[in-house]
Amino acid sequence: MAFYFDEPSRTFNEYLLVPGYSSSECIPSKVSLKAALSKHRKGAEPELSLNIPLVSAIMQSVSDDGMAIALATEGGLSFIFGSQPLEQQAAMVARVKNYKAGFVDSDANLSPDMTLAEVLELKERLGHSTMPVTEDGSANGKLLGIVTSRDYRITRTAASERVADFMTPREKMVAAPLETSLKVANDIIWDNKLNSVPIVDGDDHLVHMVFRKDYDSHKSNPLEMLDSQKRYMVGAGINTRDYAERVPALVEAGADLLCIDSSEGHSAWQEQTLGWIRAQFGEGVKVGAGNVVDAEGFRFLAEAGADFVKVGIGGGSICITREQKGIGRGQATALIEVAQARNAYFKETGVYVPLCSDGGIVYDHHMTLALAMGADFLMLGRYFARFDESPTNKVNINGSYMKEYWGEGSARARNWQRYDLGGEKTGLTFEEGVDSYVPYAGSLKDNVALTLAKMRSTMCNCGALTIPELQAKAKLTTVSSTSIVEGGAHDVLLKDKTPYVGSSIGLR
Ligand code: IMP
């Protein structure tokens, strides 16, 4: 006889938070969004924590090195997608780890034989007015000089004049050696009243540029996710097939955390993968596993050694797993049951295993609901796909800008198998995801700031200044279908039917 769950499968939309007492201490500026990222013993601090509870999905259309740098700057973490050759994935991880905030590779470079007309064309195309001049015109050639808008006057300098004749030559320039720290580079900029300083190697070849404005923005990111060597932190997805080659390559490249990327985690393949990692690296390599949607699945992965457990099957915006295979569970119900199992496991063993709620977040307030239900952090695909920093094309569809967003189980991503249990590839395959567009939403920084402002405000309404406090204090109610109607603007004629300011996630 089959087992029947008592509760129907519910989604975030079916819940609301009921406010609790907020003391005068409870103000958004005092809220900490720090979130546990790896398992830890009672009373101990987790080895890895997030500064904001957001991670970007292990997807081709979401998490490359550009996204990872942008999100780590804000205090979250990306998991670089694993559905690519391991050398490429490791190179993405290495690019994040080698990225020196404030030190940029110069993308507008001149050779001494170029003309002012070409300089102006490059300035127009790239939008930069500071251009180093190198012997061969490359970003790492021997430094010969620099051109800024102070070196020419369009009304007086002939368009045909050569760069060599109007640039500021190397001997009159200030440059700094490779080992210069960002702070020292900034002091050089200020002391010499410059806008930028080139960083050169021992042979006077250009390596990086440091710009005054980049230093300022670096200073204004207090939540940056940095490792002990002040490098950005980054995660990476792995699979249950080629882990013996992929995991060492990712660890070597500097990945701070791994996650087995699969739509179904309650499997012998995941147990084997976790076992192999523990045997090779002990507890030194942190690895999450999933996805599961019930207590049994959670316990299985916790006992198999997962550092965090990912929850959610079939709730993703691009996901058609439930339609195709009839498996899955409403995200809210799955999370609530798994969180109960996690808490019971903690009581029993003294080991706290963080939970990641993965997929199905539609509105900003769903994020706070998920945290209240017991998630420690959230994995988001669609949310991040909409931003400038996602790796996909921005396209204009009928006058509106969109970004492309496709599932890892779609035909487009499909040559890499995530959507079976593991082991040998067998049988026919079918799609479990779609290829789609999402409304373009601008920069990650602006959107994340707005989302987190709402989260902090709701937490204060619940009397909570931290995520564990929210989990302990939250009061949740299910809603009837008529109260959902009551919750939106209703019985008025909207003057503006476009999404209102504040509905940062999208269309209502
Ligand atoms: P979203 O934030 O609702 O867009 O969901 C993102 C999540 O959907 C990912 O983190 C994956 O767990 C899941 N996912 C990604 N690609 C697919 C797919 O093709 N089919 C089903 N689920 C997917």
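Here are some numbered notes to help you find your way around this structure, which is a predicted model.

1. Let's start with the whole protein. Its secondary structure amounts to 16 helices and 24 strands. The C-alpha trace extends over about 85 × 60 × 50 Å along the principal axes. For 508 residues, a compact globule would have a radius of gyration near 23 Å, and the protein's value of 26 Å agrees with that.

2. Next, the interior. Of the 508 residues in the protein, 44% are buried. If you take the contacts with a separation of 6 or more, 65% of them come from residues 24 or more positions apart.

3. The ligand is a good place to zoom in. It is surrounded by 23 residues, and the closest are Gly316, Gly381, Gly407, Gly409 and Gly433. Sorted by class, this shell holds 8 nonpolar, 11 polar and 4 charged residues. Two elements to look for here are strand 20 (377-380) and helix 13 (382-385), each of which supplies at least two residues of the shell.

4. Helix 8 (residues 268-281) makes a nice check on geometry. At 1.5 Å a residue, its 14 residues should span 20 Å, and the end C-alpha atoms are indeed 20 Å apart, so expectation and model agree. Just after helix 8 comes Gly282, with a positive phi of about 60 degrees.

5. Which residues of helix 8 are buried? They are Gln270, Thr273, Leu274 and Ile277. Looking down the helix axis, you will find these buried residues within an arc of 95 degrees, so they line one face of helix 8. On the face turned away from that buried side sit the exposed residues Gly275 and Ala279.

6. What do the buried residues of helix 8 pack against? Their partners are two helices and two strands, namely helix 7 (243-253), helix 9 (295-303), strand 15 (257-260) and strand 16 (287-292).

7. Now turn to helix 12 (residues 364-372). Here 9 of the 9 residues are buried, so helix 12 is largely enclosed by the rest of the structure. The buried residues include Asp364 and the pair His365 and His366. Met367, Thr368 and Leu369 are also among them, as are Ala370, Leu371 and Ala372. Just after helix 12, Gly374 adopts a positive phi of about 120 degrees.

8. To compare the two helices when you view the model, begin with helix 8, where the buried residues line one face and Gly275 and Ala279 are exposed on the face turned away. Then move to helix 12, which is largely enclosed because 9 of its 9 residues are buried.

Technical notes. Residues numbered from 1 in each chain as written. Predicted model: local features only at pLDDT ≥ 70, side-chain atom pairs only at ≥ 80, totals over all residues. Near = placed C-beta within 6 Å. Helix = DSSP H or I, 4+ residues; strand = E, 2+ residues; numbered from the N terminus. Nonpolar A, V, L, I, M, F, W, Y, C, P; charged D, E, K, R; others polar. Expected span 1.5 Å × (residues − 1). Buried ≥ 20, exposed ≤ 12 C-beta atoms within 10 Å, placed from the backbone. Arc of directions from axis to C-beta. Contact = placed C-beta atoms within 7 Å. Rg over C-alpha atoms; globule rule 2.2 N^0.38 Å.
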